[in-house]
Amino acid sequence: MVYVSSEPGSPVPDLQVTAVKMLVAGGFGVGKTTLVGSVSEIPPLRTEELLTELSRDVDSLAGVEAKTTTTVALDFGRITISPQLVLYLFGTPGQDRFWFMWNELSAGALGAVVLADTRRLDTCFPAVDFFERRGIPFVIGVNCFDGSQQYDIDEVREALDVEGVPVVLCDARLRESCKQVLIALTEHVIKLAVRRQQSSASS
Ligand SMILES: Nc1nc2c(ncn2[C@@H]2O[C@H](COP(=O)(O)OP(=O)(O)O)[C@@H](O)[C@H]2O)c(=O)[nH]1
Ligand SMILES: [Mg+2]
């Protein structure tokens with residue numbers, strides 16, 4: 001929680017601003033870096049490196065052959081959802097060999113967006129599994145790449161076996177579209193927290 005004090009004597013009351021950490025996860029090349037960059041109101045921190053010949057045998061480029069760079073540590077950005085709520089976004093590296101960083105990155109996170117590309121839905125299974133195991137609330141953001149076959153929301157939810165998880169169609173290049181995904185995530189996090197509180201009060 002961050003408190004922003006108004007000027008002494010100001011009629012405006014002190015504002016209580018909640019800063020929340022959210023993750024943006026998903027497979028290699030699904031648009032995580034793009035989403036954090038398009039939605040962030042500060043210049044996003046990126047840790048992109050050129051893909052090298054050396055990584056050719058290690059990282060699968062199947063379905064994302066045009067990709068020339070990759071996130072090696074994290075993406076970082078910030079978005080103000082309302083005067084009282086600021087989200088700090090941490091984009092995860094997508095390649096399997098950077099999995100060791102996920103535990104550290106997820107510390108203190110209240111929720112996550114798992115980005116999915118319906119042409120390669122299987123690439124988001126590890127992220128779904130990771131958040132389910134740790135009880136971190138998440139939503140699925142379906143990044144609608146041009147030319148990708150469009151599935152409806154229920155088909156994606158069924159394919160990923162994530163009953164009760166919001167699925168939101170988006171375009172990672174468009175700020176407003178990404179903001180809607182983050183609002184859906186925030187609402188989902190709040191809903192689950194209220195439900196938890198109610199069930200612990202009644203037991
Ligand atoms: N056509 C299209 N391209 C996208 C979209 N989102 C990302 N891209 C492109 O897909 C590539 C991979 O995106 P990137 O954000 O680096 O993926 P990451 O590995 O998940 O961080 C980049 O060349 C993006 O410009 C999208 O919604 N539509
Ligand atoms: Mg990236």
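Which residues are buried in helix 3 (residues 125–134)? In the predicted model described here, the buried residues of helix 3 are Ala127, Val128, Phe130 and Phe131. These four cover an arc of only 160 degrees around the axis, and they therefore lie on the same side of helix 3. An α-helix has 3.6 residues a turn, so residues three or four places apart point the same way. The other side of helix 3 carries Asp129 and Arg133, both of which are exposed. Just after helix 3, Gly135 adopts a positive phi of about 65 degrees.

As to the overall fold, the protein chain contains five helices and nine strands, and, read from the N terminus, its elements follow the order β-β-α-β-β-β-β-α-β-α-β-α-β-α. Of the 203 residues in the protein chain, 32% are buried. Among the contacts in the protein chain with a separation of 6 or more, 69% are made by residues 24 or more positions apart.

Helix 3 is part of a connection between two paired strands. Strand 7 (residues 111–116) and strand 8 (residues 138–143) pair in the parallel sense over five bridges, and within this pairing Val114 of strand 7 stands opposite Ile140 in strand 8. The chain passes from strand 7 through helix 3 to strand 8, and the resulting β-α-β crossover is right-handed. Strand 7 is itself mostly covered, six of its six residues being buried. Gly111, Val113 and Leu115 point one way from strand 7, whereas Ala112, Val114 and Ala116 point the other way, and all are buried.

The loop between helix 3 and strand 8 holds Pro137, which counts as buried because 20 C-beta neighbours lie inside 10 Å, the number at which a residue is classed as buried being 20 or more. Not counting residues up to four places away in sequence, Pro137 touches Gly111, His188, Val189 and Leu192; one of these, Gly111, belongs to strand 7 and is buried. The C-alpha atoms of Pro137 and Lys191 are separated by 10.0 Å, although these residues are 54 residues apart along the chain.

A pairing in the opposite sense is found in another part of the chain, where strand 5 (residues 75–82) and strand 6 (residues 85–91) are antiparallel and are joined over seven bridges. Strand 5 and strand 6 form a hairpin, with two residues between them, and the bridge partner of Ser82 in strand 6 is Leu85.

The surroundings of ligand 1 comprise 16 residues, of which Gly31, Lys32, Thr33, Thr34 and Ala172 come nearest. By class, this shell consists of four nonpolar, seven polar and five charged residues. Helix 1 (residues 32–39) gives the most to the shell around ligand 1, contributing three residues. Helix 1 is largely enclosed by the rest of the structure, because seven of its eight residues are buried. These buried residues are Lys32, Thr33, Thr34, Leu35, Val36, Gly37 and Val39; Lys32, Thr33 and Thr34 are thus named both in this buried set and among the residues that come nearest to ligand 1.

Two aspartates in loops on either side of strand 9 may be considered in turn. Asp161 is located in the loop between helix 4 (153–160) and strand 9 (167–170), and has a positive phi of about 55 degrees although it is not a glycine. Most residues other than glycine have a negative phi. Asp161 is exposed, because 10 other C-beta atoms lie within 10 Å, and a residue is classed as exposed at 12 or fewer.

Asp171, by contrast, is situated in the loop between strand 9 and helix 5 (175–202), and counts as partly exposed because it has 19 C-beta neighbours inside 10 Å. Not counting residues up to four places away in sequence, Asp171 touches Asn143, Cys144 and Ser177. From C-alpha to C-alpha, Asp171 and Ser38 are 9.9 Å apart in space, while their separation in sequence is 133 residues.

Key. Residues are numbered from 1 along each chain as its sequence is written. Chains are lettered from A and ligands numbered from 1 in the order in which they are written. This is a predicted model: local features need pLDDT of at least 70, side-chain atom pairs count only at pLDDT 80 or more; totals for chains, interfaces and linings use all residues. A residue is near a molecule or strand if its C-beta atom, placed from the backbone, lies within 6 Å of it. Ala, Val, Leu, Ile, Met, Phe, Trp, Tyr, Cys and Pro count as nonpolar, Asp, Glu, Lys and Arg as charged, and the others, Gly among them, as polar. The arc is that of the directions from the helix axis to the C-beta atoms. Two strands pair if DSSP finds at least two bridges between them. A crossover is right-handed if, with the strands pointing away from the viewer, the path from the first strand over the helix to the second runs clockwise. Two residues are in contact if their C-beta atoms, placed from the backbone, lie within 7 Å.
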